[in-house]
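Biologist: I am new to this structure and would like to go through it step by step. Could you show it to me before we begin?

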Amino acid sequence: SPQSQSQPQLQPFFLLWSGTMATLSVVMTNYNHSHCVSRAIEAVVNQSRPPDEFIIQDDGSTDTSVDIIKPFVEKYAYIKFVNSEKKRGYIPAMQNVTSCASGDYLYIVAPDDYLLPGFFEKAMNAFATYPQAGLFCGDQFNNIAGTTEMVPYEMYWSDREVYLSPDELADIYAGGNFPKSVVRRDEFVRAGGFITQLKWHSDWFFYHVIAYRKGLIYCPEKFFVETIHQQGEYRFEGMMDVQKEAEVIRNIIQILKCPEYIDVLPYFALSAALFPLSRSCVDHVMKIIDIKDVPAQLLMAHSLYVWNMEQAALRSEQARRGSEQEIASILEKINILILNGSIKDASGLLDTMENAFGKMTQILELRHKIACINKVIALLRNE
């Protein structure tokens, strides 16, 4: 079962709907990101609607990160600093820093990513318009690590700001993914937060659970830049290990079958949420779960369909190559028969091949070759 987290008591949400100003907590955990952590912090404090609290936790960095963070803590009263002298690791660190948050809404920022202007203002205004929503998201840029390349990542769910109910979202989702989102903190807690067994997919999981319980607000604007494909990155390294990734997917399936999540399991299945699995990962998942289990079949259905199509295409390609090799072998045999003067045998094989494969160019060329030889033979006989 998911790991539970102790969380501060939340105010009833009807207070927000009755006019009380909603509060926003931003949290970040840092480990040895001295090269970029100041950029991430500056992007938060320069927002037109700053957070009500910004909790920065250093997870035992051995570089100069703490020295870079401290001036921000001294300058901004709403920044709280949590220093861990010993590294906890990504999931324990995130569990700790999110448990310190007290706002009605929560945003989790990574030290190697950075926000674009206006994100928090847009999000909080949208929640005021659609208080029933569980999260707010938009589009983003993906920065390929080590380059200046910025690749737009766009959901295309709407051409304007819109609230999507769980049913509407599942209908258009089609195996996509969520950009990082501002979430309702009570729903974050209810979703289980950073679940240990889900490792690098923990945030992917709670974003989906929240969206499939409360719906989301989508705004077709780019709100932040995410750095991707970094060597040594927790998520990247984990997902590159097929066996480890398959084990995490297994855990996702097992957790979704728990009573606490059975309400969102149909949405995960309907939206093909597990679609991005690679064929090799699907192969491993099939070995470690009971595929006769109906919920597992529902969750894996789309991935299995794609995997089967890929397998069928692979088998078709192998069969094509096999046929080409067989044809080439027969054609070579016919060519040898012609060179050896066995014209009748060669013609017989060509007839058989033409019946099986039609008038192939190679067959026509060999027939032309035989015809030329027969003409030469006929001329010689006439002489």
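Modeller: Before we start, one cut-off will be needed: a residue is called buried under 20% relative accessible area, exposed over 50%, and partly exposed in between. Please also keep in mind that this is a predicted model.

Biologist: Is Asn32 buried, exposed or partly exposed?

Modeller: Asn32 sits in the loop that runs between β1 (24–30) and α2 (37–45), and its phi is near 55°, a positive value in a residue other than glycine. Its relative accessibility is 24%, and the range between 20% and 50% is the one in between. Asn32 therefore counts as partly exposed.

Biologist: Phi of Ala272 is also given as a positive value; does Ala272 count as buried or exposed?

Modeller: Ala272 is placed in the loop between α11 (265–270) and α12 (279–288), and its phi is near 55°, in a residue other than glycine. Because its relative accessibility is 10% and the limit is under 20%, Ala272 counts as buried.

Biologist: What share of the residues of the whole chain counts as buried?

Modeller: The chain comes to 15 helices and 10 strands, and its accessible surface amounts to about 19200 Å², of which 53% belongs to carbon and sulfur atoms. Among the contacts with a separation of 6 or more, 79% are between residues 24 or more positions apart. Of the 383 residues, the share that counts as buried is 47%.

Biologist: How are α6 and α8 oriented to each other?

Modeller: Two packed helices are described by the angle between their axes and by the distance between those axes. For helix α6 (residues 166–173) and helix α8 (residues 202–214), the axes come within 6 Å and cross at roughly 125°. The two helices, α6 and α8, are therefore oblique.

Biologist: How many of the residues in the contact of α6 with α8 are charged?

Modeller: On the α6 side the contact involves Pro166, Leu169, Ala170 and Tyr173, which meet His208, Ala211, Tyr212, Arg213 and Lys214 in α8. These residues divide into 6 nonpolar and 1 polar, while the number that are charged is 2.

Biologist: Which residue takes a positive phi in the hairpin of β6 and β7?

Modeller: Strand β6 (residues 135–144) and strand β7 (residues 150–153) pair in the antiparallel sense over 4 bridges, and the bridge partner of Asn143 in β7 is Met150. The hairpin has 5 residues between the strands, and the residue with a positive phi, near 85°, is Gly146.

How values were computed
Residues are numbered from 1 along each chain as its sequence is written. This is a predicted model: local features need pLDDT of at least 70, side-chain atom pairs count only at pLDDT 80 or more; totals for chains, interfaces and linings use all residues. Side-chain values use heavy atoms; hydrogens and water are left out. Two strands pair if DSSP finds at least two bridges between them. Buried means under 20% relative accessible area, exposed over 50%, partly exposed in between (1.4 Å probe, protein chains only). Contact means heavy atoms within 4.5 Å. Accessible areas come from the Shrake-Rupley method with a 1.4 Å probe; for residues, only the protein chains shown count as cover. Axes are lines fitted to C-alpha atoms, for helices over the stretch in contact, and angles run from 0 to 180 degrees between N-to-C directions. Angles under 35 degrees count as roughly parallel, over 145 as roughly antiparallel, 65 to 115 as roughly perpendicular and the rest as oblique. Ala, Val, Leu, Ile, Met, Phe, Trp, Tyr, Cys and Pro count as nonpolar, Asp, Glu, Lys and Arg as charged, and the others, Gly among them, as polar.
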